[in-house]
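Here are some comments on the model, set out as numbered points. They deal with charged pairs first and a surface patch last.

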Amino acid sequence: MNVSIKWPQQQPSKNVAVMEGSMAIARAVRDARPGVIPAYPITPQTHIVEFLAEMAAKGELDAEYIRVDSEFSAASVLFGASAAGVRAYTASASQGLALMTEVIFSLAGSRLPVVLTGCNRQLSSPISLQPDHQDTMLLRDSGIIELYVESSQEAYDTHLQAFKIAEHPNVMLPIIVCVDGYILTHVFEPVGTLTQEQIDAFLPPYQPREYLTPENPITYGAYTDDQTALEVHYMTHQASVRARDVIESVAREYEGLFGLYHGGLIDTYRLDDAEIALVAMGSMVSTLREAVDRLRLRGQRVGLVKIRSYRPFPTQALRDAVADIPAIVVLDKALSRGFQGVLSTDVKAALYNAPHRPLALSMMAGYGGREMTLDTVDEIVARAYKAIEQGGVEDECVFLNLREEILPEGVIA
């Protein structure tokens, strides 16, 4: 279903169509012209690789589409293809991403700029198909760049940006674009797509500086010892730090060319005079934008910080955003058991040495696929105002909407 839309006069025209989020991702990947796509299906990622398989069968996708026997194999094919100088892509979720972990560490350590889609889904046990961020956050220390998106449109645009960021000579690291399962992968909504000519102008063919060839033999993943390991990891770390500037510049370049900006490292909403800032990632952000508007109509000065780049972490950008705000609430969809929400630990660490440290509340919201409603946000904000009034935080990790009535006796402290 094609509909017309009026874009800013200086911007190129776009085609807007209602499509599934997975189709939007598949179209972006197709038009990025990868040379190799290894695929192994796992819910809720399956539609992406199915669409790509159909494109390959119809001759619309000029890539080596390889059906592998596991997610570990898919990541291994990524490694081989990228090491040979080819642009490569795959997608996975949940247990599949966990199975890829060993290879993803190797991809980052070998500085191979592949792109993955992580369709967020809960890890076992218990087995579940519901979305949270536990699977992609499992990879946070590997060296992979992690970008989280809030809509199908942002998923489309960010995949195109991801190839450019990964392949930038100052970066050369794998990237995973994190997309909430079902909420985004299976939703149908209008998505504006670019022409192949526009994409080719924005994303030129990959030109590797080093790759496996008999004419110039090199080694990937060589053995190291205590005399060189620190330096190798330091270089990978510095590449991730440099990626902060590249992520910002690519996002602004995309905005200048196509009129769409979803944030660079972060995005903010109605923060100028805020007393409370909600901090979150992924599809939850869209609900929070509506909630902020509703709260503002009631006279409650609440704003929003969307973390778009989880790795590299946007430390300075976050500090600047909340510099004058009394309290923040970090809404987490991943739990570090025995501590608190995973995003909360990073946010608090980033703010610890800042000139101003707001009160920071950590809340599990939308975890395990539990619904995040506007009424839930009302409860969150009420807790934040209470913390400001009391001058402190009562609980380091609040489990919102916990069904205490179904828990065994004695579980609640």
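Which residue does the side chain of Arg140 meet in a salt bridge?

1. The partner is Asp141, and the N to O distance is 4.0 Å. The model is a predicted one, and this distance is computed from it. A salt bridge here requires a Lys or Arg side-chain nitrogen within 4 Å of a carboxyl oxygen of Asp or Glu. Of the two residues, Arg140 is partly exposed, at 25% relative accessible area. Asp141 is exposed, at 57%.

2. In total, the structure holds 27 salt bridges. The pair in point 1 is one of them; two others are taken up below, followed by a network.

3. Asp375 and Arg294 are joined through their side chains by a salt bridge, with 3.8 Å from N to O. Asp375 belongs to helix H12 (residues 374-390) and Arg294 to helix H9 (residues 284-297), so this contact ties together parts that lie 81 residues apart in sequence. Asp375 is exposed, with 55% relative accessible area. Arg294 counts as partly exposed because its relative accessibility is 25%, and the exposed class starts over 50%.

4. Helix H12 is also a boundary of the next site: Glu396 sits in the loop between H12 and E18, while Lys348 is in helix H11 (residues 342-352). The side chains of Glu396 and Lys348 form a salt bridge of 2.8 Å, N to O. The pair therefore ties together parts 48 residues apart in sequence. Glu396 is partly exposed at 44% relative accessibility. Lys348 is partly exposed too, at 22%; the buried class would need a value under 20%.

5. Some charged residues are linked in a network of salt bridges. Its members are Glu150, Glu154, Asp267, Arg289, Lys306 and Arg308.

6. Which residues form a nonpolar patch on the surface? They are Phe399, Leu402, Ile406, Leu407, Val411 and Ile412, and together they have about 500 Å² of accessible area. Leu402 is found in the segment after strand E18 (398-399). Its relative accessibility is 39%, so Leu402 counts as partly exposed. That value also meets the cut-off for patch residues, because they need over 30% relative accessible area.

Key. Residues are numbered from 1 along each chain as its sequence is written. This is a predicted model: local features need pLDDT of at least 70, side-chain atom pairs count only at pLDDT 80 or more; totals for chains, interfaces and linings use all residues. Side-chain values use heavy atoms; hydrogens and water are left out. Patches are made of residues with over 30% relative accessible area and no salt bridge: like charges are joined within 9 Å, nonpolar side chains (Val, Leu, Ile, Met, Phe, Trp, Tyr) within 5 Å. Accessible areas come from the Shrake-Rupley method with a 1.4 Å probe; for residues, only the protein chains shown count as cover. Helices (H or I, at least four residues) and strands (E, at least two) are DSSP runs, numbered from the N terminus. Buried means under 20% relative accessible area, exposed over 50%, partly exposed in between (1.4 Å probe, protein chains only).
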